[in-house]
Every structure is written in C-alpha cells, then in structure tokens.
Amino acid sequence: MIDVNSISFRYHEDWVLQDVSFRVEKGEFLGVIGPNGSGKTTLLKILYHLLSPQRGEILLELVPMKKMSRSDIGKRIAVVAQETHLLFPFSVLEMVLMGRSPYLGHLMFESEKDLEIAKKAMEWTKILPFSERPIDELSGGERKRVFIARALAQEPEVILLDEPTANLDIHHQIDFLDLILNLNRERGLTIIMASHDMNIASEFCDRLILLQGGRIYKMGTPEEVITKENIERVYGCEVWVDQNPISGMPRISLLKKVSD
Amino acid sequence: MKIITSKKVLTISIFLSLLLILVILVSITMGSVKVPPLRSIRILFQSILGLKGAGSETERTIILSLRLPRAILAGFVGAGLSVAGATFQALLRNPLADPYILGVSSGAAVGAIIAILLGLSTFSLGLPLASFLGALLTIMVVFYFGRQDGKIHPNTLLLAGVIIGSFLSALIMFFISVSQKEELHTIIFWLMGDFSFSNARAILIIFPYVLLGILFLYLRSRHLNLILSGEENAVQLGVDVERLKLVSYLSASLVTAASVSVCGLIGFVGLIIPHSVRLIFGPDHRLLIPASALVGASFLIASDTFARTILAPSELPVGVITAAFGGPFFIYLLRTRKVIKTL
C-alpha cells in the first residue's frame, strides 16, 4: 500500500528523519512510537505530503506521492491531527461535510450524495444526535469523533492519527480506539497511529515502529519492539515490561528513580 | 439538516439585493437640495428607461450626476471593504484583522497626501490614482517581506504589514506637520474617509477591481472555510494552500487599494460588517462573502447619506458616521447573539 523508501528530512540544518524505510500493508494497523523529538509527527506529515522529504520517496500503491495532486491525496489519505483550534465555530455537520472537499473540485456546494455520505459517517461515529451543535460546545471526546467522521467522509484508504488519545480520559480513549479498530477490522482501512502511549500501541497495533533520533531503532510486532532492553535504550529510563494478563501483549510499568 | 446550499445563498442574496436597492432609492431622495422623493425616483426610473420628463434640469443633474453616482461609489467601497475584511480575518486567522491591517491604507494615504501637497488633487482623477499607486507599492513591499522560502506565512505577513504600516504612518505625520492650513483640511478629511472629493469617474477605477476581486474570492470561498481551522487542516482536505493564500492576499489587497483610493480611509466597515454577517448567517464563506458585500454596500450608502444630510449643507466625513453607528450596533449584536469566543 505505502512504500517509504529511505527518506531523509530536515527543516533547517539538522536531519529530523534519516534514511527511514518501511512498507505498510493494506489493512494494517501500524503504530509509530518514540520519545519527544524522535520524528513521529514529522513522519506523519511526510506521509500525507504536507512536507516532502529532501531524500528518498514515498510510493502510494507504487505511484510516487509527489506526482499526485493535493486532492488525489485527500481522497485516499485522511488525517486526524491533534486538537485544532477553530477561529469561528462551524456546526458538527458542516465540519463533517468538509471531508467531502477533495471530491468537489471546482464545485461550490455539496450534493445530496455528499450529505448522505456525511450522515453515514456521523451515524457510524454516533454523533448524529448533535449534528447541529457548534463544534466548540462539544467535549474533547465528542470532538475527536467529529474529526473521525470527517475523515470517514473522505472515504479514504488510509487514516493517519497523531496522538489520538492525548487529552482523553481512559473511557474515551478506549471508545475512540475501539472505533478505530472496528474501521480497521471491518472496513479494511489502513491505520497509521503515532502515539506516546506504548501500552495502547501494544494493545491495538499489529506492528510498531520505534523511532530514535529520526532513525528506525526497531520495527516489528509489539512483542518484538516493546522489550525492557529496547525501551530503556531509546527512552533512557528504567521501565518494567511484563504481559497484560488479559491480552498477553507486552505491558510497560514505569519505575520511579527515588527508592522508598 | 441545516447546511449551506446554492438555493439558500441565492435566496438570501436576492433579499439583501432588494434591501440594497431600497437603500439606494432612499439615498437619492435625500440631500441638502429638496427634491420630492417621488419625483426623485421617477427621474431615476425614467432615465433608466431612456425617457426624459419628470423634474427640472437642475433636479435631474442632482439626482443622476451627483447623488446616484455617489451612492454607487459608496456601494462599491462598502462591498469591497467588507469582503476584504472577511478575507483577511480568514487568511490571517485573526478576528481583529481588517482591510487596513497590512498597511495598504497607510500606503494609499501617503500617495494621497503627496498628491494633495503637489496640487495633483485638482486633476479629476489625480488623487485616487496617486493613492492607488501608493497602495500598490505597499502591497508589493509587504508581500516581499511577508514571505519565507517562497511561502506566505500569515504571522510574518501580519508583522511585516503592521511594521510597514507604522513606518508609513510616521511619513503621514511628517507630511501633516509640514503642510499648509488649506491642505491640512483636505488631508484630514481624506484620512477620515470622505466621498465629497470623489466624482463619478472614480467608479470606473474602482468597479473592475472590486467586482473581479469579490468574484475571485467567492470562487475560493469553500477553501477559505477550510483554512479557518489551520493550514495543515486545509492541506489534509486537498487544498493547494499556497495558491489559496496568494490569490486571497492579492485579491483582498487590490480590492482594498481600489476602495480607499476613491474615498480615503473609511474605518470600521471592514471589521464590523463581516463579524455582524457572521453573527447572523454563520461563518461559511460561501454565504459570508456575498452577504458581506451586499450588507456592506447598504451600510456604507446609508452612512454616507447621513454624513451629507445630518449637518446639511455642510458635510461630515463618512468615517465619523460608520464608527458612531457601527460600533454600538456591533456591541448590540454581540450581546444579543452568541458571542464570538475568540474575541
């Protein structure tokens, strides 16, 4: 589905990503983890071509991304970014309808069909009851679902998630991730998620990429990536890794430095 | 489900156009020379139909060559400033932005003052052409400094605009301090915004810029919605953001330049009309742009009518009226409608 071929990227002098290569299979749920400044967000921005790498290239179904038009990318890759600030609040429905933008081209207004697609996306994410409410009156969890609905209205093949669970309580974290997992399993959507929460990444992702200083330190299944040795080496702090007793996936416990 | 459709935009635009026509009709019946209202309107319609009949020669001149062109001019300026204000608010993602925030107005003022000091204002279009030139130069300089690596950065653009604007204000102060008494009056009226030195031919300068500018911005209105929640957001939805910023900056700046060059710095219209329209019709630019144009035109024609009649036979600068009426009305809207959270 997506081939990342030895890309390197820098904003100014220093390389933020160096010689990163990997392949994302169709229908995969891929997690990107790593410390602050390891290049997670930059990598996501490159994956939807907001930034283009100075070296290497990215192929989407074997077509180089830099040869694709903005709207072609928007039809295939949707992004749910960290909190966006809206200057003037639109209603929930208006926000979700914006997801149809890549398909409208020069048309000024959405059609009945676009409205149908938006409604289905809202039904799926259970936000239909408050479709008329201004977006700034919603809670953090509801707002996240609006952006997922907008992403679904784009009818994409890939959804990129940047720190999707930041600012959500555990109940909303699980609700949100179950929704994403459903999209992944039932609709075969490819999901790429950058997250700080390694326990969540371990539970939900098929495969993980662990970044360190802009390079891939380790790539593989959660069991291969989340080991005491890897995490301590990359994050530089002591952790305890065992298994989640229910799912059997690796689980991280933090250890304080000052002993009692 | 409430969404913006072409039908809704058309219906509201037709309604607001009727309001605009009504305001124009009332405006041409009012003035220091009393022409009975019905006769004024008959003169107008007969001339549209190519007939001659009602009214004396003087009355026809007053209605057709003075009041009507002035109303049309005020309409173009009001529409242009309102749409430019709405665009700058979206482009700079700043609710306090108005058409003058990037220094275009100061550039126009320097051009106008130089024309006044050199005595060029006695030529029929000397003043507007000089101020348009000043505005154009400012647009280019601000654009040059507001870019990095070939991209427009809204915050850099804002800083460049504000700083160049302040520099030009210093020039304005300097010119004022060295000018003679007679010139001073003209300069100050120009700075406050005034239609009394404009003539019908100024319409020819302003209308292509305002009409084309508004049309260009309207065609981008769906994308302006997307940029409200950030450039990255718009990119994610398939918008060529650099092109959008370039086209909207240039269109809104040229519309502003053309507008101020014919009547000076009329304040407030470009700030409060877009906000008022947003409070009533919502933030969607597909409705906001045409509605702001029509409401802005009506508002400025009405304000100018007050400005030239309230102390007749002498005239107030129209900027005094727009601020005096616009401010309290906007506060009223803010209190009664839901508040803009970011203000």
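These legends walk through several close-up views of a predicted model with chains A and B.

**View 1. How confident is the predictor in the complex and in chain B?**
For the complex, the predictor reports an ipTM of 0.88 and a pTM of 0.90. Chain B has an average pLDDT of 89, and 97% of its residues score at least 70. One stretch to treat with care is residues 339-343 of chain B, where pLDDT stays under 50. The model still gives that stretch eight contacts beyond four places in sequence. Where pLDDT is low, the predicted coordinates should not be read in detail.

**View 2. The contact between chain A and chain B.**
Here 28 residues from chain A meet 29 residues from chain B. On the chain A side, helix 2 (70-76), helix 3 (92-97) and helix 4 (101-104) each put in at least two residues. Which of the helices gives the most to this side of chain A? That would be helix 2 of chain A, with four residues. Sort the chain A side by residue type and you get 17 nonpolar, six polar and five charged.

**View 3. A six-stranded open sheet in chain A.**
Follow the strands across this sheet of chain A and the order reads 6-7-8-3-9-10, with mixed pairing. Strand 6 (77-80) and strand 10 (215-220) of chain A sit at the edges; each has a single partner strand, so one side of each has no neighbour in the sheet. On average, neighbouring strands are turned by 15° against each other, ignoring direction. Strands of a sheet pair through backbone hydrogen bonds, either parallel or antiparallel.

**View 4. Zooming in on the two edges of that sheet.**
At one edge, strand 6 of chain A pairs in the parallel sense with strand 7 (residues 158-162) of chain A, over four bridges. Look for A78(A), whose bridge partner in strand 7 is I159(A). At the other edge, strand 10 of chain A pairs with strand 9 (residues 207-212) of chain A over five bridges, in the antiparallel sense. In that pair, L208(A) has G220(A) of strand 10 as its bridge partner. Strands 9 and 10 of chain A form a hairpin with two residues between them, and G213(A) in the turn has a positive phi of about 50°.

**View 5. Strand 1 of chain A and its pairing with strands 2 and 4.**
Strand 1 (residues 2-10) of chain A runs antiparallel to strand 2 (residues 15-24) of chain A, and six bridges join them. Four residues make the hairpin connection from strand 1 to strand 2 of chain A. Strand 1 of chain A also pairs with strand 4 (residues 55-60) of chain A, again in the antiparallel sense, over five bridges. V4(A) is a handy landmark: F22(A) is its bridge partner in strand 2 of chain A, while I58(A) stands opposite V4(A) in strand 4 of chain A.

**View 6. Two residues with positive phi, N167(A) and F268(B).**
Most residues other than glycine have a negative phi, and most peptide bonds are trans. N167(A) has a positive phi near 70° without being a glycine. You'll find N167(A) in the loop between strand 7 and helix 7 (170-187) of chain A. F268(B) isn't a glycine either, yet its phi is positive at about 80°. F268(B) belongs to the loop between helix 11 (241-263) and helix 12 (269-281) of chain B. Are these two buried or exposed? N167(A) counts as partly exposed because it has 14 C-beta neighbours inside 10 Å. F268(B) has 22 other C-beta atoms within 10 Å, so F268(B) is buried.

**View 7. Inside the largest nonpolar core.**
In soluble globular proteins, nonpolar side chains tend to be buried together. The largest nonpolar core here has 173 residues, and V96(A), L160(A) and V77(B) have the most contacts inside it. Helix 3 (residues 57-91) of chain B provides the largest share of this core, 15 residues. Leaving out residues up to four places away in sequence, V96(A) touches A118(A), A121(A), M122(A), V146(A), A149(A), R150(A) and A153(A).

**View 8. Y235(A) and N36(A).**
Y235(A) is part of helix 10 (residues 228-235) of chain A. With 18 other C-beta atoms within 10 Å, Y235(A) is partly exposed. In sequence, Y235(A) and N36(A) are 199 residues apart, but in space their C-alpha atoms are 9.3 Å apart.

Note on methods. Residues numbered from 1 in each chain as written. Chains lettered and ligands numbered in written order. pLDDT = per-residue confidence, 0-100. Contact = placed C-beta atoms within 7 Å. Nonpolar A, V, L, I, M, F, W, Y, C, P; charged D, E, K, R; others polar. Pairing = 2+ DSSP bridges. Axes fitted to C-alpha atoms, helices over the stretch in contact; angles between N-to-C directions. Buried ≥ 20, exposed ≤ 12 C-beta atoms within 10 Å, placed from the backbone. Core = buried A, V, L, I, M, F, W, Y, C linked by C-beta atoms within 7 Å.
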